[in-house]
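Me: Could you take a close look at the salt bridges in this model for me? I would like to know which side chains pair up, and how their surroundings look.

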Amino acid sequence: MVRETRLDPEVEVLWEDFHAEVNVPSEKLRSWLLTRGSGEEAFGSNPDLDLPQPGREILKVLNKRKVDLTPDDIEVMREAVERIRELMDAKPPRGNADDSWRHSLLDLGHDPLVER
C-alpha cells in the first residue's frame, strides 16, 4: 500500500520553480562540477568531495524525491532559484558569450543555452 504524503503548497511551488530553473540533468551537472572542481589537479580518491558548492547541494536535491526533502534541501532550492533568477536578470551585454556569467549559471545547474 502506498502512503500518500502531502507537502506544504509553498514547497510544491518551490519544487516546480527549482526544476524549471535548474535545467541541466543531474549527470551533466555532476560532470560539469567535477570539471570545475578538478582545476589543474587530478581527481582525488573521492571525486564527490571535489564538487564545488553550491552545486554539490543542488545535485543532492536533484537526486531526491519530493517527499524526501529536508528543511536544508528546501533552503538549497530557495537559494538556487533566487540566485539563478538574479543572474538571469543581470545578463551582461555579451549575453551567452560571457563565459564568466554562463559558468556562474552552470555552477547552479542552469544552462542559458537550453530553450525553455
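Reply: Happy to. A residue is called buried here when its relative accessible area is under 20%, exposed when that area is over 50%, and partly exposed in between. By that yardstick, 34% of the 116 residues of the protein count as buried. Please keep in mind that this is a predicted model.

Let me set the scene before turning to the charged pairs. The protein has 5 helices and 0 strands, and from the N terminus on its elements run α-α-α-α-α. About 7800 Å² of the protein is exposed, with carbon and sulfur atoms supplying 49% of that area. Looking at contacts between residues at least 6 apart in sequence, 58% join residues at least 24 apart.

Now to your salt bridges. The structure holds 9 of them, and I will walk you through three.

Let us begin with Asp17 and Arg85. Their side chains meet in a salt bridge, at 3.7 Å from N to O. Asp17 lies in helix α1 (residues 9-21) and Arg85 in helix α4 (residues 71-89), so this pair ties together parts of the chain that are 68 residues apart in sequence. How buried or exposed are the two partners? Asp17 has a relative accessibility of 25%, which makes this residue partly exposed. Arg85, at 36%, also counts as partly exposed.

The surroundings of Asp17 are worth a look too. If you leave aside its neighbours within four places in sequence, Asp17 is in contact with Val81 and Arg85. Glu82 gives another view of how α1 sits relative to this part of the chain: Asp17 and Glu82 are 65 residues apart in sequence, and their C-alpha atoms are 9.9 Å apart in space.

The second pair is Glu75 with Arg78, where the closest N and O atoms are 3.5 Å apart. This salt bridge is set within a single helix: Glu75 and Arg78 are 3 residues apart in helix α4, so about one helical turn separates them. Glu75 is partly exposed, with a relative accessible area of 35%, and Arg78 counts as partly exposed at 39%. Glu75 also gives a second distance across the sequence. Its C-alpha atom and that of Leu14 are separated by 9.9 Å, although the two residues are 61 apart along the chain.

The third pair joins Asp111 and Arg102, with 3.2 Å between the closest N and O atoms. What does the accessibility of these two residues say, buried or exposed? Asp111 has a relative accessible area of 14% and is buried. Arg102 counts as buried as well, at 18% relative accessibility, because the cut-off is under 20%. Beyond this pair, salt bridges that share partners join Asp17, Glu21 and Arg85 into one network, which brings us back to the Asp17 side chain from the start of this tour.

Arg102 has its place in helix α5 (residues 99-107). Not counting residues up to four places away in sequence, Arg102 touches Asn96, Asp111, Pro112 and Leu113. Its salt-bridge partner Asp111 is thus listed among the residues it touches.

As a general reminder, side chains of opposite charge can pair when their charged atoms come close.

Since α4 has come up in two of these pairs, let me add how that helix meets α3. The axes of helix α3 (residues 55-62) and α4 come within 10 Å and cross at roughly 115°, and α3 passes α4 in a left-handed crossing. On the α3 side, the contact is made by Glu57, Ile58 and Val61, while α4 contributes Asp73, Val76, Met77 and Ala80. By class, this contact has 5 nonpolar, no polar and 2 charged residues.

To pull the salt bridges together: Asp17 and Arg85 link α1 with α4, Glu75 and Arg78 pair up inside α4, and Arg102 of α5 meets Asp111. If you have the structure open, a good place to start is the Asp17 side chain, with Val81 and Arg85 among its contacts.

How values were computed: Residues numbered from 1 in each chain as written. Predicted model: local features only at pLDDT ≥ 70, side-chain atom pairs only at ≥ 80, totals over all residues. Heavy atoms only, no water. Salt bridge = Lys/Arg side-chain N within 4 Å of Asp/Glu carboxyl O. Helix = DSSP H or I, 4+ residues; strand = E, 2+ residues; numbered from the N terminus. Buried < 20%, exposed > 50% of the residue type's maximum accessible area, 1.4 Å probe, protein only. Axes fitted to C-alpha atoms, helices over the stretch in contact; angles between N-to-C directions. Left-handed = near helix turned anticlockwise from the far one by under 90°. Contact = heavy atoms within 4.5 Å. Nonpolar A, V, L, I, M, F, W, Y, C, P; charged D, E, K, R; others polar. Areas by Shrake-Rupley, 256 points an atom, 1.4 Å probe, with all protein chains shown as cover.
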